[in-house]
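Biologist: Pick one part of this model and take me through it slowly, please. I'd like to know what sits against what, and then how that part meets its surroundings.

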Amino acid sequence: MITEFLTRLRFLVFRKKRSEFDEELRFHLEQSIAMKVAGGLNAGEARRQALIDFGGVERAREQCEEQRPGWWAGLLSQDLRCALRGIFAHRWFSGAIILTLALGIGLNTMVFTLVNAVLFKPVPQPNGNRLVSVMERNLKGDDRSLPLSYPDFVDYRTQATSYEFFEATTDQDAVMSERGNPPQQFHLDRCTAGIFSMVEAKAILGRGLQESDEQAGAPPVVVIGYNVWKERYAGVAGIVGRQVQVDGQPATIVGVMPKDFRFPHGVDLWMPLIPNADLFKRENRLLRGYAILKPHVAVKNAQTELSGISARLARQYPVNKDLGISVLTFNDRFNGGQIRIVFLLMLAGVGFVLLIACADVANMMLSRSLNRQREMSIRSALGASRWRIVRQLLLESVLLSALGGLMGLGLAQGGIRWFDLATAPIRPDWIHFTMNFPVFGYFAALCIFSGLLFGIAPALRSSKPNPIDVLKDGAHSVGRRRGGWLSSVLVMFQFAVTLVLLTGAGMFVRSLLVRLAVNPSIPADRITTARLHLPEDRYKDNDARIHFFDQLLPRLRSIPGASHAAIASAAPAMGTADQQIELEHQPIANPAQRPRISFVAQSPGYFETIHVPLQQGRDFTDTDGTPHHEAAIVTRDAAMRLWPGENPMGKRFRLFDEKNQPSAWITIVGVSADMVQELQTNDPRPLLFVPYRQEGWDNMALVVDAATDPLPSMRQAVQSLDGELPLSEPFRLNDALDQLVWFLRVFGRVFAGFALIGMLMASVGIYAVIAHATENRTQEIGVRIALGANLRNILALVMARGLWQISVGLVVGLAAALPLAHFLGSAPLLASRFSATDFLAIASMLALVGVFACWLPARRATTLDPVRAIRYE
Amino acid sequence: MPTSTDLLQGTLDLLILQTLAHEPMHGWGIAQRIQQVSREVLQIGQGSLYPALYRLEYKGWIKAEWGSSENNRKAKFYRLTPTGAKQLQSEVETWDRLSAAIALVLGRPVEASR
């Protein structure tokens with residue numbers, strides 16, 4: 001083997017000389033001739049026969065050459081040089097192609113990077129590729145994920161063998177406070193002690209959690225995140241050992257975690273999970289499980305093992321009946337469903353853009369292939385095989401697409417940066433939008449694939465083996481429509497795909513506009529909201545909570561500059577709670593069949609604050625909601641749905657809570673104008689309002705209508721009553737709305753960008769095709785003008801083909817866009833219907849752009865000087 | 001013309017190696033020798049002889065040197081290398097196995113091999 005390899009290497013470096021073969025051949029022929037002469041032939045005849053015996057000399061020489069190891073490398077470099085020469089010889093042409101491909105490949109690389117980060121890339125922590133999230137799930141009904149109870153967690157942890165670490169955390173908000181520092185709300189995880197070691201995280205100051213912290217009666221400790229340290233404590237060095245209060249309970253800060261460490265999910269504070277009697281109840285589901293699988297254990301296998309355990313638990317404990325377990329990677333757990341669909345849609349969208357780009361480039365190359373046929377015919381006449389010509393042309397295409405791709409890579413970097421910034425406020429901290437090896441692999445595959453895709457048809461066309469025809473054909477192929485059908489199909493395809501893209505983008509933009517236009521009567525830019533949570537340990541019952549809000553309301557109303565103030569369980573358009581309803585005289589025994597309604601609890605004066613008028617009846621009074629004064633206000637829409645055709649005033653109903661306990665009978669005292677409370681759905685439940693006194697809510701939004709920023713006064717009002725209460729989620733209502741439609745805004749922009757780029761490319765494509773066809777018909781047009789064709793005749797002549805292509809493209813595109821619109825419209829996040837007028841608007845916009853692109857070259861044709869056109873060569 | 005038989009794929013290499021096992025030879029000589037020994041059954045097409053020789057040379061099984069022929073013409077002589085000899089042996093074994101197997105399938109009596 002080695003010697004063979006060395007010999008090959010030697011011949012690779014030192015080629016055989018050409019003359020060597022000739023010499024050997026001459027000897028062979030001489031011998032052959034000598035033998036034939038000896039057999040009695042004369043010299044001339046002997047030579048002739050010897051040559052016939054031997055066969056093709058040149059062929060034999062080539063075959064000998066092809067035996068040489070690596071003989072094709074020379075050919076390849078020759079092809080490469082040829083291709084580069086071809087690219088540089090037509091600088092503008094190549095530039096246009098490279099730019100088009102840069103857009104197409106760049107966008108695809110960008111979106112693949114995003115998709116990869118959201119759906120495939122492991123969590124960027126040590127062992128992140130083996131990190132899974134473990135939750136229970138409801139096997140009956142909705143298949144919802146549920147947290148684990150502590151005893152369940154312990155059972156899984158002790159019985160399962162497929163993991164290295166198995167830890168659990170709660171997921172809650174907590175208020176941190178101390179003397180001389182205003183209370184502040186943070187995201188707190190109470191976790192089992194191994195949570196840091198499972199991802200090999202070490203505190204940068206002090207220590208992380210350790211097992212002794214978990215023992216009952218251990219001194220309470222808290223580990224703080226880097227941001228908390230920097231922002232709340234200004235990064236002081238002596239932070240470790242400081243005494244603080246967390247939710248009113250004393251704790252000692254024992255460590256600070258590194259920057260950007262917020263494992264598992266946006267955590268600010270970590271505390272040990274200290275088991276207590278409450279935690280040991282199997283029905284108390286508070287924990288989220290996280291595990292590091294053993295190396296080479298597949299998620300599926302871990303799932304199987306834990307499912308076995310969960311089946312045992314379900315048999316053993318009644319509260320675990322119908323509960324299963326789900327083991328999922330972070331991507332599957334947190335980026336599943338809607339998010340996955342949107343990202344895959346994005347990938348499909350840019351895929352279409354690339355197809356349009358390739359069609360564009362293919363069209364440009366097709367139009368040039370006509371001009372190139374001469375060059376190729378000469379080469380083929382000189383003995384190049386068709387395969388060789390095709391190969392060289394394909395090499396040229398791939399080279400072009402690689403150049404375009406490299407340019408696109410820069411474009412992709414920019415796009416990823418923009419997306420990274422645009423999504424920073426919302427996206428989980430463990431998603432990093434960066435390129436990695438799979439992305440580069442995808443990028444390389446894309447370059448080669450698109451090069452072949454747009455190159456194959458023009459290459460086959462150019463290399464058509466008819467050298468004689470073309471060489472003879474010195475004159476112009478007047479009026480001949482060579483290969484016209486292929487570029488027509490490409491243009492139709494482009495317009496169809498662009499229409500589909502525009503439809504998708506239109507759906508996003510439309511639902512964004514619909515959402516932004518909700519509740520026009522509410523002055524969202526003047527309304528400030530902030531949430532307030534009353535902790536259970538200090539506000540133990542309804543009376544205590546109602547008492548607090550009773551005291552707070554007058555203070556809110558007296559805030560300087562505030563014209564109105566109220567409290568509500570949710571500000572306008574910020575979502576609702578829902579319960580089952582039963583109308584008086586229409587009992588429904590089966591809870592599953594009772595309709596559900598949405599409701600907002602509020603204080604008197606809420607409607608004035610948000611400027612929603614009451615159409616009938618009255619606002620709540622201070623006695624509404626106290627026992628025997630249960631009252632409600634319904635929207636006009638709810639009234640019509642609950643009591644169709646009747647006057648709702650004075651009607652009674654009751655609500656059922658999760659334990660199927662009915663409330664007292666509640667009387668309708670007023671009817672308000674309609675308003676949108678649930679932004680993310682197409683058919684909201686009937687909406688009604690109840691007074692806050694009806695139940696003692698512990699989590700309310702303060703709503704203040706004031707021209708100047710009332711937040712400091714709101715905070716002051718709250719803290720004058722309770723110094724330990726922070727305000728969370730402070731927002732102007734319009735900013736909060738913006739936050740809600742953030743998703744639509746970003747993706748609307750993304751898809752609109754794709755669609756516009758697609759439209760631009762399609763127009764450039766049709767422009768190029770028409771312009772080229774017109775140029776080839778210059779003589780013909782000149783003759784027509786000379787013979788008296790008027791402006792309209794010429795326009796019709798040139799544009800007819802383009803208009804035909806656009807119409808077919810639009811019809812095909814509509815056929816494809818309808819099901820897409822239907823599919824997208826059924827997704828809750830878009831939840832808007834696309835009407836016929838919308839389709840019409842989009843289609844006519846596209847048609848207009850397309851016609852304009854055809855009209856440009858047609859106009860030029862009408863201004864031709866017939867004399868010069870006829871002589872045009 | 002004696003009927004010629006198309007050579008099995010790869011058999012040409014074996015024939016050339018076997019022919020060169022006795023003494024170094026030039027291309028013409030190899031073709032003639034194979035023709036003679038096979039009693040004119042095996043006609044080596046020149047078009048395939050030289051590519052085969054080049055292939056074997058590139059594989060390092062034979063080595064070419066310039067020498068002078070019987071009639072004092074400059075000619076290229078091919079000589080079996082030690083690797084080539086080894087290769088020849090293994091190819092002969094393969095051939096024996098193969099032909100014995102084919103003979104069995106065809107129902108012919110098998111001669112004691114070699």
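The close look below starts with the sheet in chain B and then moves into chain A.

Modeller: One caveat up front: this is a predicted model, with local features needing pLDDT of at least 70 and side-chain atom pairs counting only at pLDDT 80 or more, while totals for chains, interfaces and linings use all residues. Residues are numbered from 1 along each chain as its sequence is written, and chains are lettered from A and ligands numbered from 1 in the order in which they are written.

Chain B has four helices and three strands (DSSP runs numbered from the N terminus, H or I over at least four residues for helices, E over at least two for strands). Read from the N terminus, the order in chain B is α-β-α-α-β-β-α.

The three strands make an open, antiparallel sheet ordered E1-E3-E2 in chain B; strands count as paired once DSSP finds at least two bridges between them. At the edges are E1 (25-26) and E2 (62-68) of chain B, each pairing on one side only. E2(B) is joined to E3 (residues 74-80) of chain B by seven antiparallel bridges. To find your place there, look for B:Glu65, whose bridge partner in E3(B) is B:Phe77.

Helix H1 (residues 11-22) of chain B packs on this sheet and touches E1, E2 and E3 of chain B. A contact here means C-beta atoms, placed from the backbone, within 7 Å. The direction of H1(B) makes about 100° with that of E3(B); axes are lines fitted to C-alpha atoms, for helices over the stretch in contact, with angles from 0 to 180 degrees between N-to-C directions.

Of the 114 residues in chain B, 30% are buried, which takes 20 or more other C-beta atoms within 10 Å of a residue's own. Among contacts in chain B between residues at least 6 apart in sequence, 46% join residues at least 24 apart.

Now for the neighbour. The contact between the chains takes 21 residues from chain A and 17 residues from chain B. On the chain A side, H1 (2-13), H2 (18-38), H3 (43-54) and H4 (57-66) of chain A each supply at least two residues. That side of chain A splits into six nonpolar, eight polar and seven charged residues; Asp, Glu, Lys and Arg are the charged ones, Ala, Val, Leu, Ile, Met, Phe, Trp, Tyr, Cys and Pro the nonpolar ones, and the others, Gly among them, are polar.

Chain A has strands worth a look too. Strand E1 (residues 131-138) of chain A is mostly covered, with six of its eight residues buried. E1(A) runs antiparallel to E12 (residues 285-293) of chain A, joined by four bridges, and A:Leu131 partners A:Ile292 there. Seven antiparallel bridges link E1(A) to E13 (residues 323-329) of chain A, where A:Val132 has A:Thr329 as its bridge partner. E1(A) also pairs with E2 (residues 145-146) of chain A over two antiparallel bridges, and A:Arg137 partners A:Ser145 in E2(A).

Last, a helix pair: H15 (residues 484-516) and H23 (residues 836-862) of chain A pack at about 135°, with axes 10 Å apart. Residues meeting there include A:Phe495 and A:Leu499 in H15(A), and A:Ile842 and A:Leu846 in H23(A). The residues of this contact between H15(A) and H23(A) comprise six nonpolar, four polar and two charged.

Conventions
Two residues are in contact if their C-beta atoms, placed from the backbone, lie within 7 Å. A residue is buried if 20 or more other C-beta atoms lie within 10 Å of its own, exposed if 12 or fewer, and partly exposed in between; C-beta atoms are placed from the backbone.
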